[in-house]
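Please open the model in your viewer and keep the sequence alongside, since each stop on this tour is a selection to make and a short account of what is found there.

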Amino acid sequence: MKNLVGNSEVKKALLSLYERRRIPNAMLFAGPDGVGKKQFALELARMFVCLSPAVHGACGDCAACKRVGVFALPTSDTKEDYKKVYFSEHPDVGMVIPFKRNLLVDAIRDLEREAHFRPYEASARIFIVDNADKMNDAASNALLKTLEEPPATSHIILIAARADSLLPTIRSRTQIMRFAPVAYQEIERLLLADGHFSPDDAALAARVSDGSVARALDIVPASFRTQRSAMLGVLNAAAVRDRRSLLAAAEEMNDAKNKEEFEAKLEILRGLIHDVWLLKNGGDPRDLLNFDLVAELQELATRLESSCLASWLGDIETMYENFVVNINRKVATDALFVGMAAA
């Protein structure tokens, strides 16, 4: 596990469980998106299949370790493609992924069937349920059936950003590993080692990622700065209650050509609002996500009320929760921005 970034306490716990041969048959990796939960799950799988285990876990270099992380996952919009377990190049490591924000009951039933087969090569079979918090009632009940009588030679790892949305009966049958956001210093070191970021860009990406390694790696600095400028404009328009400009910004965000940028912009807006709220309440400027915009954010803090900022953060959180049920993004964005204009 030496190559995993952050969450050292989880590393220690998993290594201890493995060394004592006490890895549970059902585990829940819970924590924010992008902090490495899936990578930890894959590394745990490598520990079961590794041909040359080392002190820190799997060697990562043998043929079995390398096969674990290679998946041919579907990218189509065809529902049928998401109704089964997808195995990596190693036949004892499988994964279930959602179709359009929903894990299908057929995929969970396929997992139940596969979990009862004995391992082909390794000492156990590992099944990863990605975005487990996106199961509907039927899928949840199907999974619960498997968790009630887990096969001795199979381990199921649920990955969830919103663990509280899982059935209590599912949570009670898993050992929960709680993941925290990764320290920005660790992310910055990773980005610099990656070689695709300048020092300034690495520092910015590490901070605004808010502890998410995946988000930091996905940031294209030039595009990010352009998007952030647009969202800063939204806050400036809100400060003067410029309803027309806010509705125009909502229209731009929801334009078909900008579809892929919608959630990125919303996340940037959330980060900016958080920073202004922090300054408004006497926070240390050194703790800002957007640390390079201190002057602009301090000026906004003098013009916006703390209660409004907190309300907007709550509204954005509600939007994220409602994305699970496929709400109309344009209507939701219009409502958010009109509310900001009326504050």
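Begin by selecting Asn258, which has a relative accessible area of 9% and is therefore buried. The model in front of you is a predicted one, and this residue is found in the loop between α11 (243–253) and α12. If you display its surroundings and leave aside the neighbours within four places in sequence, you will find Asn258 in contact with Glu252 and Met253.

**The whole chain**

Now zoom out and colour by secondary structure, which shows 15 helices and 6 strands in the chain. The radius of gyration is 22 Å, close to the 20 Å that the globule rule gives for 343 residues, so the chain is as compact as a globular protein of that length. Taken along the principal axes, the C-alpha atoms fill a box of roughly 65 × 40 × 35 Å. If you colour by accessibility instead, buried residues make up 49% of the 343 residues, and the chain exposes about 16,500 Å², of which carbon and sulfur atoms supply 50%. A contact map would show that, among contacts between residues at least 6 apart in sequence, 68% join residues at least 24 apart.

**Aromatic pairs**

Next, show the side chains of the aromatic residues, where the structure holds 5 aromatic pairs. Select Phe40 and Phe179, whose rings form an edge-to-face pair with 5.0 Å centre to centre and 85° between the planes. Which parts of the chain does this pair tie together? Phe40 lies in helix α2 (residues 37–49), while Phe179 lies in the loop between β6 (175–178) and α7 (184–194), so the pair ties together parts that are 139 residues apart in sequence. Both Phe40 and Phe179 are buried.

Move on to Tyr82 and Phe99, an aromatic pair that is tilted, with 5.1 Å centre to centre and 50° between the planes. Tyr82 belongs to the loop between α3 (63–68) and β2 (86–87), and Phe99 to the loop between β3 (93–96) and α4 (105–115), so that this pair ties together parts 17 residues apart in sequence. Tyr82 counts as buried because its relative accessibility is 6%, and Phe99 likewise counts as buried, at 11% relative accessibility.

Then return to Phe40 and Phe179 and add Phe29 to the selection, as ring pairs link Phe29, Phe40 and Phe179 into a cluster.

**Charges over rings**

With the rings still displayed, add two arginine side chains. Arg21 lies over the face of Tyr18, at 4.8 Å from the ring centre. At Tyr184, it is the charged end of Arg207 that sits over the ring, 4.0 Å from its centre.

**Salt bridges**

For the last part of the tour, show the acidic and basic side chains; the structure holds 25 salt bridges. Select Arg215 and Glu267, which form a salt bridge in which the closest N and O atoms are 3.8 Å apart. This pair links distant parts of the chain, with Arg215 in helix α9 (residues 213–218) and Glu267 in helix α12 (residues 262–280), 52 residues apart. Are the two partners buried or partly exposed? Arg215 has a relative accessible area of 27% and is therefore partly exposed, whereas Glu267, with a relative accessible area of 16%, is buried.

Select Asp284 and Arg286 next, a salt bridge whose closest N and O atoms are 2.7 Å apart. Here Asp284 counts as partly exposed at 26% relative accessibility, while Arg286, with a relative accessible area of 64%, is exposed.

A further salt bridge joins Asp334 and Lys330, with the closest N and O atoms 2.9 Å apart. How many residues separate Asp334 and Lys330 in helix α15? They are 4 residues apart in that helix (residues 329–342), and are therefore separated by about one helical turn. Lys330 counts as partly exposed, at 32% relative accessibility.

Finish by selecting Asp92, Asp110, Arg113, Glu114 and Arg125 together, since salt bridges that share partners join these residues into one network.

Note on methods. Residues are numbered from 1 along each chain as its sequence is written. This is a predicted model: local features need pLDDT of at least 70, side-chain atom pairs count only at pLDDT 80 or more; totals for chains, interfaces and linings use all residues. Side-chain values use heavy atoms; hydrogens and water are left out. Rings of Phe, Tyr and Trp (its six-membered ring) pair if their centres lie within 6.5 Å; planes under 30 degrees apart count as stacked, over 60 as edge-to-face and the rest as tilted. Helices (H or I, at least four residues) and strands (E, at least two) are DSSP runs, numbered from the N terminus. Buried means under 20% relative accessible area, exposed over 50%, partly exposed in between (1.4 Å probe, protein chains only). A charge sits over a ring if NZ of Lys or CZ of Arg is within 6 Å of the ring centre and within 35 degrees of the ring normal. The radius of gyration is taken over C-alpha atoms; the globule rule is 2.2 Å times the number of residues to the power 0.38. Contact means heavy atoms within 4.5 Å. Accessible areas come from the Shrake-Rupley method with a 1.4 Å probe; for residues, only the protein chains shown count as cover. A salt bridge is a side-chain nitrogen of Lys or Arg within 4 Å of a carboxyl oxygen of Asp or Glu.
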